[in-house]
Amino acid sequence: MKMHGGLQEMLVRKGAEASLFLEEWQGNQVILKHRIPKKYRHPQIDGRIRSYRTLHESQLLHEAKVAGVPTPVIFSVDLHESKILMEFIEGPRVKELLITLSLEARTLLCRQIGRMIGCLHKNHIIHGDLTTSNMILTGDGRVVFLDFGLGEKTAALESRGVDLHLMKRAFQSTHFRIAETCFAAILEGYVDVLGKILANRVVKKIREIELRGRYISGRSEHEH
Ligand SMILES: Nc1ncnc2c1ncn2[C@@H]1O[C@H](COP(=O)(O)OP(=O)(O)O)[C@@H](O)[C@H]1O
Ligand SMILES: [Mg+2]
């Protein structure tokens, strides 16, 4: 922990793209997400990319909230410095939480997550990085979605399929034993919001994406 201009800050995480600090700001615990300069990019282009992503993420965080999906409150956005100051969400990440739950509680939680993804997609928002590290369960039972840096605004079936396919893959890689039941519950919640017809079209898309993946990996195995 270091003191910085009277501000106590603590590095929470240093990702490939951004560093996250836990700070105290006006009596609140806040998270500062700072997109750090990339030395390998031309400074001017780098500045533009970071500032664009900062703007884009803060806009999507807001739009998700309007769509009924809990996201951190944004206190300020500094495009010049590529910084977002947002509410610190207290609670376990779904990633660490899932395996501690009973089958019943897990199924309920996954259904809730599925409904939230349904709300995003219904409002033409694609999250872009649906993994259980980007979701926090709060004390009042809300699942807060984080990290919209890779998101986009579109109603394209393909994008919806890719979004959910990523969620499925995330379950398979981090929660292998429970992946199938979890993803089935996610789809149940998703159908509740999007309706059977549209949700079925997305499910078909997911299958198509899976087959495509298998075809590509099968082919590259032959090539090597
Ligand atoms: N508002 C927040 N409240 C609490 N924890 C957060 C918040 N934002 C991010 N985090 C924590 O920091 C991690 C990384 O943040 P994220 O926005 O996902 O950045 P990255 O793009 O590096 O994945 C999250 O997985 C979460 O544990
Ligand atoms: Mg993340």
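**Helix α1, its packing and the ligand shell**

The buried residues of α1 pack against β4, β5 (74-78), β6, α3 (103-122), β7 (125-126) and β9 (143-145). Here, buried means that 20 or more other C-beta atoms, placed from the backbone, lie within 10 Å of a residue's own, and contact means C-beta atoms within 7 Å. Helices (H or I, at least four residues) and strands (E, at least two) are DSSP runs numbered from the N terminus.

This is a predicted model: local features need pLDDT of at least 70, side-chain atom pairs count only at pLDDT 80 or more, and totals for chains, interfaces and linings use all residues. Residues are numbered from 1 along each chain as its sequence is written, while chains are lettered from A and ligands numbered from 1 in the order written.

**Helix α1**
- Residues 43-66 form α1, whose buried members are Arg50, Thr54, Glu57, Ser58, Leu60, Leu61 and Ala64.
- Just after α1, Gly68 takes a positive phi of about 95 degrees.

**Nonpolar core**
- The largest nonpolar core (buried Ala, Val, Leu, Ile, Met, Phe, Trp, Tyr and Cys joined through C-beta atoms within 7 Å) has 38 residues, and Ala64 and Tyr190 are among those with the most contacts inside it.
- α5 (179-194) gives the most to this core, with 8 residues.
- Domain 1 (2-87) and domain 2 (94-223) both contribute residues, so this core lies between them; the bounds come from an automatic or database assignment.

**Ligand 1**
- Around ligand 1 are 20 residues, the closest being Gly15, Ile31, Pro72, Ile89 and Asp147, with a C-beta atom within 6 Å as the cut-off.
- Each of the two domains gives at least three residues to this shell.

Note on methods:
Expected span 1.5 Å × (residues − 1). Buried ≥ 20, exposed ≤ 12 C-beta atoms within 10 Å, placed from the backbone. Contact = placed C-beta atoms within 7 Å.
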